[in-house]
Amino acid sequence: MPVLTIHAQPAPISLDPARLALVIIDMQRDFLEAGGFGEALGNDVSQLRRIVPACAALLSHLRAAGIPIIHTREGHRPDLSDAPRAKVERGAPSLRIGDDGPMGRILIRGEAGHDIVAELAPLSGEPLVDKPGKGAFYQTDLDLMLRNGGIDTLLVCGVTTEVCVHTTIREANDRGYRCIAVADCCASYFPEFHEVGLKMISAQGGIFGWVAESGAIFSALDEAGALSR
Ligand code: TIU
């Protein structure tokens with residue numbers, strides 16, 4: 001496939017599709033469904049559920065184009081040995097990390113709430129990165145996988161825009177990856193944080209990345225596919 005050019009903010013970005021991957025952040029029941037961590041923090045989970053269809057369409061287009069997809073999940077070991085006390089004790093949630101909830105223990109690996117929502121379940125062969133922090137690079141092998149795969153540019157989507165998506169893009173940018181946040185495939189419990197979170201990425205000439213709509217990515221893939229035929 002020839003070079004892809006994606007219409008984005010603050011400017012179009014040209015990239016080699018052989019060096020592109022999608023990182024889809026934390027589309028877990030614990031954040032998107034009632035009874036999970038997000039709701040325990042006092043949030044309206046419907047704000048996040050809205051993007052599931054757009055994320056499903058993004059996954060299906062990228063799979064068809066052969067672009068690698070990496071899924072992440074935020075969570076901890078059952079004994080909480082990888083959960084800093086400062087994280088477990090933060091705030092005043094109705095249920096804390098490790099407490100028993102309707103989908104099992106909150107934010108614990110292996111529990112039902114820790115799973116990715118059924119509509120976006122990883123296909124066999126798609127790597128799943130379990131992360132103890134907000135960023136997908138912290139204490140994971142994501143960087144190693146990307147480098148071994150020759151990846152230099154990331155599409156990043158998922159939840160929440162200003163927390164785990166932002167942290168991951170900031171970590172990736174400092175490691176030398178070019179990042180494109182997929183605007184309509186990210187969401188926050190706070191719509192205004194989503195909007196301003198995206199602006200923070202692309203302001204100042206793209207201070208730590210680009211922002212594009214999924215439709216712009218589909219158009220670029222379709223155009224490149226047509227050129228390669
Ligand atoms: N609470 C919130 O907005 N986010 C998180 O705790 N984790 C992620 O963003 N995945």
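**Entry 1: Gln-204**

I began with the solvent exposure of Gln-204 in this predicted model. Gln-204 has a relative accessibility of 66%, over the 50% cut-off, and therefore counts as exposed. I located Gln-204 in helix α8. I then took the C-alpha separation between Gln-204 and Ser-81, which is 40 Å for two residues 123 apart along the chain.

**Entry 2: the sheet**

I next traced the strand order. The sheet is open and has 6 strands, ordered β7-β4-β3-β8-β9-β10, with parallel pairing. I noted β7 (128-131) and β10 (210-212) as the edge strands, since each has a pairing on one side only. On average, neighbouring strands are turned by 25° against each other, with direction ignored.

I looked up which helices pack on this sheet. Helix α7, residues 161-174, touches β3, β4, β7, β8 and β9, and its direction makes about 165° with that of β8. Helix α8, residues 191-206, touches β9 and β10, and its direction makes about 165° with that of β9.

**Entry 3: strand pairs**

I went through the bridges pair by pair.

- β4 (residues 69-74) and β7 run parallel and are joined by 4 bridges; Glu-74 stands opposite Lys-131 of β7.
- β3 and β4 are parallel, with 4 bridges; Ile-24 has His-71 in β4 as its bridge partner.
- β3 and β8 are parallel, with 6 bridges; Ala-21 stands opposite Leu-154 in β8.
- β8 and β9 are parallel, with 6 bridges; Val-156 has Ala-181 in β9 as its bridge partner.

I then checked how far the strands are covered. In β3, 6 of 6 residues are buried. I recorded that one side of β3 carries Leu-20, Leu-22 and Ile-24 and the other side Ala-21, Val-23 and Ile-25, with all of these buried. This division agrees with a general rule: in a regular strand, side chains alternate between the two faces of the sheet. In β9, 8 of the 10 residues are buried, and I list that strand as mostly covered.

**Entry 4: the ligand**

Which residues surround the ligand? I found Asp-26, Phe-31, Phe-37, Leu-41, Glu-74, Lys-134, Val-159, Thr-160, Val-163, Cys-164 and Tyr-189 around the ligand.

I listed the polar distances to ligand atoms separately:

| Side chain | Ligand atom | Distance |
|---|---|---|
| Asp-26 | nitrogen | 2.7 Å |
| Glu-74 | nitrogen | 2.9 Å |
| Lys-134 | oxygen | 2.9 Å |

The protein covers 93% of the accessible area of the ligand, which on its own amounts to 280 Å².

**Entry 5: Lys-87**

I followed Glu-74 outward from the ligand. The side chain of Glu-74 makes a polar contact of 2.7 Å with the side chain of Lys-87. I placed Lys-87 in helix α5, residues 85-88.

Is Lys-87 buried or exposed? Its relative accessibility is 16%, under the 20% cut-off, so I classed Lys-87 as buried. Leaving out residues up to four places away in sequence, I found that Lys-87 touches Glu-74, His-76, Ile-97, Pro-132, Gly-133 and Lys-134. Of these contacts, Glu-74 and Lys-134 also appear among the residues around the ligand. The C-alpha atoms of Lys-87 and Ile-97 are 8.4 Å apart, with a separation of 10 residues in sequence.

**Entry 6: Gln-47**

I found Gln-47 in helix α3, residues 46-49. Its relative accessible area of 19% is under 20%, so Gln-47 is buried. Apart from residues up to four places away in sequence, Gln-47 touches Ala-187, Ser-188, Tyr-189 and Pro-191. I note that Tyr-189 is also one of the residues surrounding the ligand.

**Entry 7: Ser-214**

I closed with Ser-214, which lies in helix α9, residues 214-228. Ser-214 has a relative accessible area of 6%, which means that it is buried under the 20% cut-off. With which side chain does the side chain of Ser-214 make a polar contact? I identified Asp-184, at 2.5 Å. Beyond the residues up to four places away in sequence, Ser-214 touches Leu-58, Val-182, Asp-184 and Cys-185.

Note on methods. Residues numbered from 1 in each chain as written. Predicted model: local features only at pLDDT ≥ 70, side-chain atom pairs only at ≥ 80, totals over all residues. Heavy atoms only, no water. Pairing = 2+ DSSP bridges. Helix = DSSP H or I, 4+ residues; strand = E, 2+ residues; numbered from the N terminus. Axes fitted to C-alpha atoms, helices over the stretch in contact; angles between N-to-C directions. Contact = heavy atoms within 4.5 Å. Near = heavy atom within 4 Å. Polar contact = N/O pair within 3.5 Å; in protein donor to acceptor, adjacent residues only side chain to side chain. Areas by Shrake-Rupley, 256 points an atom, 1.4 Å probe, with all protein chains shown as cover. Buried < 20%, exposed > 50% of the residue type's maximum accessible area, 1.4 Å probe, protein only.
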